[in-house]
Amino acid sequence: MDIELPAVRSEAETVVDEDLPPSTVEYLNYRAIERNDWNVEDDDLFEKAADADLDERDYGVMEVERDESLLRAAEQAGLKWPFQCRSATCAMCVGVLRGGEAEMDMNLFLEDEEVEERNMRLTCACSPVSDDLQIVFNAIHMPYAREIARNRG
């Protein structure tokens, strides 16, 4: 019996080329977006963040191995990103991909539309594919994310 999980990387796609360098991940806290009255869909969102002199816990850059989850890399960098289950079954660690490519190797919560059209990713199960990546973490505080968490939780 084959079970198809929504918007996840296949086992064949999970193989990582060991010769690839780590991905450069630029991150931004959704709470900083709220505090500064920005919009997560602003084209210049990360430029605004770079110019805003935000604390490292709200905005920064980190190197992430291609086979490492964004959440784990953030923790190893001393950052405190929200999470709960670590098994891609809730929305607590949800982020919004704003640039680059990242794939989830597990997803038991988000619908395909949320991944493909809203660019949502579960950071506990999400690894970088592209050399550079921009992600808004702590997106559970977005009204849409809170609504889906409440309705599916």
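Trainee: How should I read the pairing of Asp 44 and Lys 48, and which interaction do their side chains form?

Mentor: In this predicted model, the side chains of Asp 44 and Lys 48 meet in a salt bridge, with a nitrogen-to-oxygen distance of 3.6 Å. Asp 44 counts as partly exposed at 36% relative accessibility, and Lys 48 is also partly exposed, with a relative accessible area of 26%.

Trainee: How many salt bridges are there by this rule, and which residues does Arg 57 or Arg 35 pair with?

Mentor: The count comes to eight salt bridges. Arg 35 pairs with Asp 58, the closest N and O atoms being 2.5 Å apart. This pair links distant parts of the chain, since Asp 58 sits in the loop between α2 and β2 while Arg 35 belongs to helix α1 (residues 30–35), with their positions 23 residues apart. The burial of the two partners also deserves a look: Asp 58 counts as buried at 7% relative accessibility, whereas Arg 35 is exposed, with a relative accessible area of 54%. Arg 57, for its part, forms a salt bridge with Asp 55, and the closest N and O atoms there are 3.6 Å apart. Arg 57 is exposed at 56% relative accessible area, and Asp 55 is partly exposed at 39%. Salt bridges that share partners, moreover, join Asp 42, Asp 44 and Lys 48 into one network.

Trainee: Turning to the backbone, what is the sign of phi at Asp 53 and at Asn 119, and where do these residues lie?

Mentor: Asp 53 has a positive phi of about 55 degrees although it is not a glycine, and Asp 53 is found in the loop between α2 (45–51) and β2 (59–64). Asn 119, likewise a residue other than glycine, has a positive phi near 60 degrees, and Asn 119 lies in the loop between α4 (112–116) and β5 (120–122). As for the surroundings, Asp 53 is exposed, with a relative accessible area of 73%, while Asn 119 is partly exposed at 30%.

Trainee: How many disulfides does the rule give, and why is Cys 124 not bonded to Cys 93?

Mentor: The count comes to zero disulfides. A disulfide requires two cysteine sulfur atoms within 2.5 Å, and the sulfur of Cys 124 is 3.7 Å from its closest cysteine sulfur, that of Cys 93, so the separation is too far for a bond. Cys 126 is in no disulfide either, the nearest cysteine sulfur, again that of Cys 93, being 8.8 Å away. Both residues are nevertheless shielded: Cys 124 is buried, with a relative accessible area of 15%, and Cys 126 counts as buried at 0% relative accessibility.

Trainee: How do I approach the nonpolar core, and which of its members touch the most others?

Mentor: The general idea is that in soluble globular proteins nonpolar side chains tend to be buried together. Here the largest nonpolar core has 46 residues, of which Leu 28, Met 62, Trp 81 and Leu 110 touch the most other members. To see one of these in its setting, take Met 62: leaving aside residues up to four places away in sequence, its contacts include Val 25, Tyr 27, Leu 70, Ala 73, Leu 79 and Trp 81, together with the polar residues Ser 23 and Thr 24.

Trainee: Where is Pro 128 placed, and is Pro 128 buried or exposed?

Mentor: Pro 128 lies in strand β6 (residues 126–128) and is buried, with a relative accessible area of 2%. The C-alpha atoms of Pro 128 and Glu 103 are separated by 6.6 Å, although the two residues are 25 apart along the chain. Residues up to four places away in sequence aside, Pro 128 touches Ser 23, Val 64 and Leu 133, among others, and its contacts also include Glu 65, Arg 66, Glu 68 and Glu 101.

Trainee: Finally, with which side chain does the side chain of Asn 138 make a polar contact?

Mentor: The side chain of Asn 138 makes a polar contact with the side chain of Asn 29, at 3.0 Å. Asn 138 sits in the loop between β7 (132–137) and α5 (143–152), yet Asn 138 is buried, with a relative accessible area of 10%. Not counting residues up to four places away in sequence, Asn 138 touches Asn 29, Tyr 30, Arg 31, Pro 82 and Val 94.

Note on methods. Residues are numbered from 1 along each chain as its sequence is written. This is a predicted model: local features need pLDDT of at least 70, side-chain atom pairs count only at pLDDT 80 or more; totals for chains, interfaces and linings use all residues. Side-chain values use heavy atoms; hydrogens and water are left out. A nonpolar core is a set of buried Ala, Val, Leu, Ile, Met, Phe, Trp, Tyr and Cys residues joined through side-chain atoms within 4.5 Å. Buried means under 20% relative accessible area, exposed over 50%, partly exposed in between (1.4 Å probe, protein chains only). Contact means heavy atoms within 4.5 Å. Helices (H or I, at least four residues) and strands (E, at least two) are DSSP runs, numbered from the N terminus. A salt bridge is a side-chain nitrogen of Lys or Arg within 4 Å of a carboxyl oxygen of Asp or Glu. A polar contact is a pair of N or O atoms within 3.5 Å; within protein, one must be able to donate a hydrogen and the other to accept it, and residues adjacent in sequence count only if both atoms are side-chain atoms.
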